[in-house]
Amino acid sequence: MDLHDPQSTEASCDVLDAAFMELALVEARQGAADGEVPIGAVVTLDGQVIGRAHNAPIRQCDPTAHAEILALRAAAEATGNYRLVGATLYVTAEPCLMCAGALTHARIARLVYGCSEPKTGALGSVHSIPMQGTVLKGGVLAERAAALLQEFFRMRRGA
């Protein structure tokens with residue numbers, strides 16, 4: 001692979017994005033096993049995982065315990081800094097307003113997400129929050145992320 005070739009670099013990025021999204025899907029499945037809405041998040045810096053989490057508002061009795069927020073907290077703890085400059089956050093579904101705001105405050109460089117979130121999405125589905133300074137990439141393993149959410153809610157409704 002030639003790192004000076006934009007197509008080669010883009011292909012490498014796609015492979016890494018899919019690999020880290022796989023880890024976020026593992027987190028999402030753990031959330032589903034805990035009875036939480038299956039959304040998972042992973043924070044990376046320089047190609048290393050520095051934080052990971054899944055939704056836990058029910059278990060933690062905390063409306064802010066979204067996967068993104070918990071992963072950001074873990075990453076901040078791991079780095080000793082609440083500013084995560086240069087980090088990438090992978091999340092299985094489009095972030096909500098609260099999480100998009102937290103990503104902005106943490107100075108996340110890249111946000112990679114799976115499926116759109118038609119009820120609470122803040123990056124164009126429902127709201128359009130400007131994510132200045134953050135590169136956005138949606139649709140990574142979107143079908144798998146959406147299927148996980150659909151199956152969770154189908155089971156919850158008993159259908």
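In the predicted model, Tyr 90 stands opposite Val 112 in strand 4, a pairing that belongs to the contact between strand 3 and strand 4 (residues 110-115), which run in the parallel sense over 5 bridges. Tyr 90 is also the bridge partner of Val 42, and this second pairing falls within the antiparallel association of strand 1 and strand 3, which extends over 4 bridges. Along that association, Ala 41 stands opposite Val 91 in strand 3. Strand 3 is mostly covered, with 6 of its 6 residues buried.

These strands form part of an open sheet of 5 strands, arranged in the order 2-1-3-4-5 with mixed pairing. Strand 2 (48-54) and strand 5 (135-137) occupy the edges, and each has a single partner strand, so that one side of each is left without a neighbour in the sheet. From one strand to the next, the twist averages 15 degrees.

Strand 1 (residues 40-45) pairs with strand 2 in the antiparallel sense over 6 bridges. Within this pairing, Val 43 is placed opposite Gly 51 in strand 2, and Leu 45 is placed opposite Gln 48 of that strand. The hairpin formed by strand 1 and strand 2 has 2 residues between the strands, and in this hairpin Asp 46 takes a positive phi near 55 degrees. Strand 1, like strand 3, is described as mostly covered, and in strand 1 the buried residues number 5 of 6.

Thr 44 illustrates the surroundings of strand 1, in which it is located. Its relative accessibility is 5%, and Thr 44 therefore counts as buried, the cut-off for this class being under 20% relative accessible area. When neighbours within four places in sequence are left aside, Thr 44 is in contact with Phe 20, Val 49, Ile 50, Ala 87, Thr 88 and Tyr 90. Of these partners, Tyr 90 is the residue already noted as standing opposite Val 112 in strand 4.

Helix 3 packs on the sheet, where it touches strand 1, strand 2 and strand 3 (88-93), and the direction of helix 3 makes about 145 degrees with that of strand 2. A further contact of helix 3 (residues 67-79) is made with helix 4 (residues 97-106), the two packing at an angle of about 20 degrees with their axes 9 Å apart. That angle makes helix 3 roughly parallel to helix 4, because angles under 35 degrees are counted in this class. The crossing of helix 3 past helix 4 is left-handed. On the side of helix 3, the residues that meet helix 4 are Glu 68, Ile 69 and Leu 72, whereas helix 4 contributes Met 98, Cys 99, Ala 102, Leu 103 and Ala 106. Classified by residue type, this contact comprises 7 nonpolar, no polar and 1 charged residues; among the residues that helix 3 brings to the contact is Glu 68, and Glu counts as charged.

Several loop positions can be described in similar detail. Asp 34 lies in the loop between helix 1 (6-33) and strand 1, and with a relative accessible area of 36% Asp 34 is partly exposed. Not counting residues up to four places away in sequence, Asp 34 touches His 54 and Arg 59. Asp 34 and Ile 58 are separated by 24 residues in sequence, while their C-alpha atoms are 9.1 Å apart in space.

Two further loop residues adopt positive phi values. Arg 107, located in the loop between helix 4 and strand 4, has a positive phi of about 65 degrees although it is not a glycine, and its relative accessibility of 40% places Arg 107 in the partly exposed class. Leu 141 is found in the loop between strand 5 and helix 5 (142-157), where its phi is near 55 degrees, a positive value in a residue other than glycine. Leu 141 is likewise partly exposed, with a relative accessible area of 22%.

Conventions
Residues are numbered from 1 along each chain as its sequence is written. This is a predicted model: local features need pLDDT of at least 70, side-chain atom pairs count only at pLDDT 80 or more; totals for chains, interfaces and linings use all residues. Side-chain values use heavy atoms; hydrogens and water are left out. Axes are lines fitted to C-alpha atoms, for helices over the stretch in contact, and angles run from 0 to 180 degrees between N-to-C directions. Angles under 35 degrees count as roughly parallel, over 145 as roughly antiparallel, 65 to 115 as roughly perpendicular and the rest as oblique. A crossing is left-handed if the near helix is turned anticlockwise from the far one by less than a right angle, and right-handed if clockwise. Contact means heavy atoms within 4.5 Å. Two strands pair if DSSP finds at least two bridges between them. Buried means under 20% relative accessible area, exposed over 50%, partly exposed in between (1.4 Å probe, protein chains only).
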